[in-house]
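Got the viewer open? Keep a selection box handy and click along with the stops below.

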Amino acid sequence: MSIFLKLILNLDLLLASCMFILLVSVTFIGVIMRYVINQPFIWLEEVQLLSFVWIVFLSSGAAFRTGSHVAIEFIVDRLPRPFRMLAEILIGIIVIGVLCYFARAGFRLAYQMSSINRQTNILNIPYALIYAIFPLGCVLMLVNYGYFFVSNIIVLCRNARNIKLENKASKSLAKNSN
């Protein structure tokens with residue numbers, strides 16, 4: 001795997017980690033300011049909200065990469081191998097289609113927020129910036145899931161080919177032993 005591909009596949013984790021560090025740091029400083037110095041930050045909630053939203057959408061791609069999303073594999077795992085392969089392909093196509101739809105809708109939402117120039121009350125952060133993570137996260141999920149999907153299809157095809165070769169070998173051994 002090339003360094004560029006590794007960087008792209010881990011960009012979501014890097015950005016999510018930075019946002020998590022920001023969230024924890026700002027929250028910790030906010031607690032100190034509120035309860036020790038008695039001078040709370042009025043802008044803290046806006047930064048926390050932005051951080052939470054960004055962390056969720058950025059780390060979703062990594063969840064696809066590691067297979068950490070909730071999945072109901074009980075039914076698919078009990079199917080015969082050819083139907084399991086078909087089910088995996090259909091599920092992959094559906095997931096990619098839904099992510100493409102969400103990415104398109106997210107771009108429209110971010111553009112709409114940009115065109116009306118809506119901003120947060122205290123820090124005047126443009127809502128377009130807050131909502132921009134939605135399509136960006138969907139694109140990162142598409143990249144990660146696409147890589148995951150292609151890798152799984154390759155493994156399934158290799159396994160199917162190996163099973164066919166094993167079946168041929170066992171049949172020829174059975175013929176030779178008779």
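The tour goes from the overall fold to single side chains.

**Before you click**

This is a predicted model, in which local features need pLDDT of at least 70, side-chain atom pairs count only at pLDDT 80 or more, and totals for chains, interfaces and linings use all residues. Residues are numbered from 1 along each chain as its sequence is written, and side-chain values use heavy atoms, with hydrogens and water left out.

**Stop 1: the whole chain**

Show the cartoon and you get six helices and zero strands, in the order α-α-α-α-α-α. Helices (H or I, at least four residues) and strands (E, at least two) are DSSP runs, numbered from the N terminus. Now colour by burial: buried residues make up 27% of the 178 residues in the chain. Buried here is under 20% relative accessible area, exposed is over 50%, and partly exposed is in between (1.4 Å probe, protein chains only).

**Stop 2: helix α4**

Select residues 81-116, which is helix α4, with 36 residues. From first C-alpha to last, α4 reaches 52 Å, close to the 52 Å expected at 1.5 Å a residue; the expected span is 1.5 Å times one less than the number of residues. Show side chains for its buried residues: M85, A87, G92, L99, A103, G106, A110 and M113.

Also in α4, pick V95, which is partly exposed at 21% relative accessibility. Draw a C-alpha to C-alpha distance from V95 to Y145: 8.4 Å, with their positions 50 residues apart in sequence. Then step just past the end of α4 to N117, where phi is positive, at about 55°.

**Stop 3: Y145 and its ring partner**

Stay on Y145 and add F148; both are in helix α6 (residues 133-177), three residues apart, so about one helical turn separates them. An α-helix has 3.6 residues a turn, so residues three or four places apart point the same way. Y145 is buried at 8% relative accessible area, whereas F148 is partly exposed at 26%.

How are the rings of Y145 and F148 arranged? Their centres are 6.0 Å apart and their planes at 50°, so this pair is tilted. The rule takes rings of Phe, Tyr and Trp (its six-membered ring) with centres within 6.5 Å; planes under 30 degrees apart count as stacked, over 60 as edge-to-face and the rest as tilted. The count by that rule is seven aromatic pairs. For a group of rings, select F57, Y101, F102 and F134, which form one aromatic cluster.

**Stop 4: N144, next door in sequence**

N144 is in α6 as well, and is buried, with a relative accessible area of 1%. Show D12 too: the side chains of N144 and D12 make a polar contact at 3.1 Å. A polar contact is a pair of N or O atoms within 3.5 Å; within protein, one must be able to donate a hydrogen and the other to accept it, and residues adjacent in sequence count only if both atoms are side-chain atoms.

**Stop 5: A16 and W54**

Go to A16 in helix α1 (residues 3-36); at 7% relative accessibility, A16 counts as buried. Add W54, which is 38 residues away in sequence but 7.0 Å away in space, C-alpha to C-alpha.

**Stop 6: E46 and R118**

Select E46 in helix α2 (residues 44-66). What sits around this acid? E46 is buried yet has no salt bridge, and R118, the nearest side chain of opposite charge, is 9.9 Å away. Lys and Arg count as positive and Asp and Glu as negative, with His and the chain ends not counted; a salt bridge needs a side-chain nitrogen of Lys or Arg within 4 Å of a carboxyl oxygen of Asp or Glu. Instead, look for the polar contact between the E46 and T120 side chains at 3.0 Å, and for the E46 side chain reaching the backbone nitrogen of N121 at 3.3 Å.

Now follow R118: its charged end sits over the ring of Y127, 4.4 Å from the centre. That calls for NZ of Lys or CZ of Arg within 6 Å of the ring centre and within 35 degrees of the ring normal.

**Stop 7: two loop asparagines**

Most residues other than glycine have a negative phi. N38, in the loop between α1 and α2, has a positive phi of about 65° and is exposed at 59%. N124, in the loop between α4 and α5 (127-131), has a positive phi near 55° and is partly exposed at 43%.
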